[in-house]
Amino acid sequence: MSGEPLQSADMSCRIAGIRLPSPLVLASGIWGTSPGLLERAARSGAGAVTAKTCTPLPRRGHRNPTVVDWGHGLINAMGLPNPGVGEELELLKEASRRLRPLGVALIASISADTAQGFAESAALVARVGPDMIELNVSCPNLGAEHGEMFAASAAAAAEVTARVKAVTSLPCLVKLSPNVHDIAEIARAVVDAGADGITAINTMPGMLIDAESGAAVLANETGGISGPALKPIALRCVHDIASVVNVPIIGTGGVLSGVDAIEMLSAGATAVGVGSAVFYRGEQAFSLIRDELAAWLAGHGCRNLDQIRGRVDWRRQSAVATSLPPVPGWDRGTSG
Amino acid sequence: MDRGGSAHQPHRILERVQENPKTVSLVLEGSLACSPGQFAMLWLPGIDEKPFSIAGNDPLMFTVSRVGTFSAALQALCPGETLWVRGPFGRGFTLAPGNTLLVGGGYGAAPLAFLAAALRTACPRAKVEAALGARTSVDLLFVRQFDALGVAVQLATEDGTRGSAGLVTEIVASRLATEEFSRVRACGPEAMLEAVAELSRGAGVDAELSFEAYMRCGVGLCGACEHRGRLMCLDGPVLMMAHDGS
């Protein structure tokens, strides 16, 4: 290495007024709600950590197999195993106590069968000190008895958001599903209903079949795809959402490296969710991605993340604004 | 074409060995790139998938004790049938030179027999001894395998039907008192492991302890196997304990 030492960039970002020392956010479902493990993520470079989704009553989740690495990504159908919101409160309280001195934000995550259930859980969870609440309206693994996921409908997702916002002043993020016709329309609806931010995206429904036995691999038969296979889908969704709303987006899906994070920020994300990377790169995933991100920013002379955010759209706008030299034959049409 | 990933691989069952009335070893075709102490997820489509420690790799072997419906289904498999394996996962035992005392409780003896064979190859000059304990004589496993490897074995049963009457930790205490050992490797019930940890610490000997845990994803993601801030599927199932207690 030679030349001037590279200036290190400011890696912090803000979501709903809350400062994250790093844009990396532990995605919900990774490492449960164990205070010790959430602290571990925080100490290894996460700027915020999201707890496992809790439901009003305890859930055992699905039988195994629940997670499989199929070569181009992971697929999981855990089925939201969690101790129920009552016990979750104790875990969140302890997690909050451990994270506060580190300046790392705690995001609680809730789900319920009804909008009222979401509101009741939100009111309980808000008392124990999380910095934000994520509304998981998009779990793909809950089965027919739960009906259609709220994230499939703009009206249903907006109703959940409004009911929660009516009972808490904490910032609310709504986690959306890629498995919809128009994710931007749903994002707009939840923001109109008061959402302070969007987490995009949840996993994409899929299925694995074992050729030898002819059986579905997951005990739940279908599951949610994450990891590398999800990244292009997530980039598209984040870009579509960023085009229509003006709230922060936690871009989540297949971010394994600093360059992946740059791509997600370029699509319009304010922060970047990290989940499956923990499988691909081990528990050091956060520090590795953070350092790669810092090196990329320094290497490109960037002082902060604002210089990257939404870059894909600036490029498009500047391409329109610049008067390009006329292309010969363009106005006459082309043949061949 | 290798599609990568660590999804389940089918393995044909070559042999089914009844180790004792409630324990069966399944010998499989093929092998895994694994070390002793690591585990794999065994899957029977439509039934369940659970973690089992690897009991041997030449040939590949799993030892299954009957505790519930899934282990009963595994025990019912016959040669020629298929068992699906996902893994290996987790941290196994380190193969380090130095005189080593292996301590097994019940079916905890299975990965230790695999470890003894690996140590014989990796560190042929190290003295390896085993102390095995169980409730009664029929619960003692793999004694012949240790014998065949030339590993001296001392036995303890709680009812005194074979070996000394009492707990295996009494043997451990007396063997460590000889100061002939620099390493302890143990697998068994948690109470036994805690006692072994205490004895090793007292003797100033490094110990590696293999804990039983219920893994769901097996790959460090879901957090189901968390124990005191550690992921047993990734940080374990073998945890190192330095002789200074760290």
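Which strands of chain A does helix α2 (residues 85-99) of chain A lie across, and at what angle to β4(A) does this helix run? In this predicted model, helix α2(A) lies across β4 (48-54) and β7 (105-110) of chain A, and its direction makes about 170 degrees with that of β4(A).

## The barrel of chain A

Both β4 and β7 belong to a closed barrel of eight strands in chain A, whose order is β3-β4-β7-β8-β9-β10-β13-β14 and whose pairing is parallel. From one strand to the next, the twist averages 25 degrees.

Strand β9 (residues 172-176) of chain A is flanked by two partners in this barrel. On one side, strand β8 (residues 132-136) of chain A is joined to β9(A) by four bridges, the two strands running parallel. On the other, β9(A) pairs with strand β10 (residues 197-200) of chain A, again in the parallel sense and over four bridges. Individual residue pairs in this region are listed below.

| Residue | Opposite residue | Strand of the opposite residue |
|---|---|---|
| I133(A) | C172(A) | β9(A) |
| L173(A) | G197(A) | β10(A) |
| V174(A) | I198(A) | β10(A) |

The connection from β9(A) to β10(A) involves helix α5 (residues 183-192) of chain A, and the three elements make a right-handed β-α-β unit.

How many residues of strand β9 of chain A are buried? Five of the five are, so the strand is largely enclosed by the rest of the structure. The burial applies to both faces: C172(A), V174(A) and L176(A) are buried on one side, while L173(A) and K175(A) are buried on the other. A charged residue, K175(A), is thus among the buried positions of β9(A).

## A buried loop residue and a buried helix in chain A

D131(A) is located in the loop between α3 (115-126) and β8 of chain A. This aspartate counts as buried because 21 C-beta neighbours lie inside 10 Å, where the cut-off for a buried residue is 20 or more. When neighbours within four places in sequence are left aside, the contacts of D131(A) are I18(A), A105(A), L106(A) and I107(A). D131(A) and V244(A), which are 113 residues apart in sequence, are separated by 25 Å from C-alpha to C-alpha.

Helix α7 (residues 258-267) of chain A also has a high share of buried positions: nine of its ten residues are buried, so the helix is largely enclosed by the rest of the structure. The buried residues of α7(A) are G258(A), D260(A), A261(A), I262(A), E263(A), M264(A), L265(A), S266(A) and A267(A). After α7(A) comes G268(A), which has a positive phi near 125 degrees.

## Chain B

Chain B contains five helices and 15 strands. Its radius of gyration is 17 Å, close to the 18 Å that the globule rule gives for 246 residues, so chain B is as compact as a globular protein of that length. The C-alpha trace of chain B spans about 55 × 40 × 35 Å along its principal axes. Of the 246 residues in chain B, 50% are buried. Among contacts in this chain between residues at least 6 apart in sequence, 62% join residues at least 24 apart.

Six strands of chain B form a closed barrel in the order β1-β2-β5-β4-β3-β6, and their pairing is antiparallel. On average, and with direction ignored, neighbouring strands of this sheet are turned by 45 degrees against each other. Within the barrel, strand β4 (residues 48-57) of chain B and strand β5 (residues 60-65) of chain B pair in the antiparallel sense over three bridges. There, I54(B) stands opposite F62(B) in β5(B). Helix α2 (residues 109-122) of chain B packs on the sheet and touches β4 and β5 of chain B, with its direction at about 35 degrees to that of β4(B).

## The contact between the chains

The contact between the two chains takes 24 residues from chain A and 24 residues from chain B. On the side of chain A, the elements that give two or more residues are α1 (35-43), β5 (67-69) and α8 (277-281) of chain A. The residues of this side of chain A divide into twelve nonpolar, seven polar and five charged.

Conventions
Residues numbered from 1 in each chain as written. Chains lettered and ligands numbered in written order. Predicted model: local features only at pLDDT ≥ 70, side-chain atom pairs only at ≥ 80, totals over all residues. Buried ≥ 20, exposed ≤ 12 C-beta atoms within 10 Å, placed from the backbone. Pairing = 2+ DSSP bridges. Right-handed = clockwise from strand over helix to strand, strands pointing away. Rg over C-alpha atoms; globule rule 2.2 N^0.38 Å. Contact = placed C-beta atoms within 7 Å. Axes fitted to C-alpha atoms, helices over the stretch in contact; angles between N-to-C directions.
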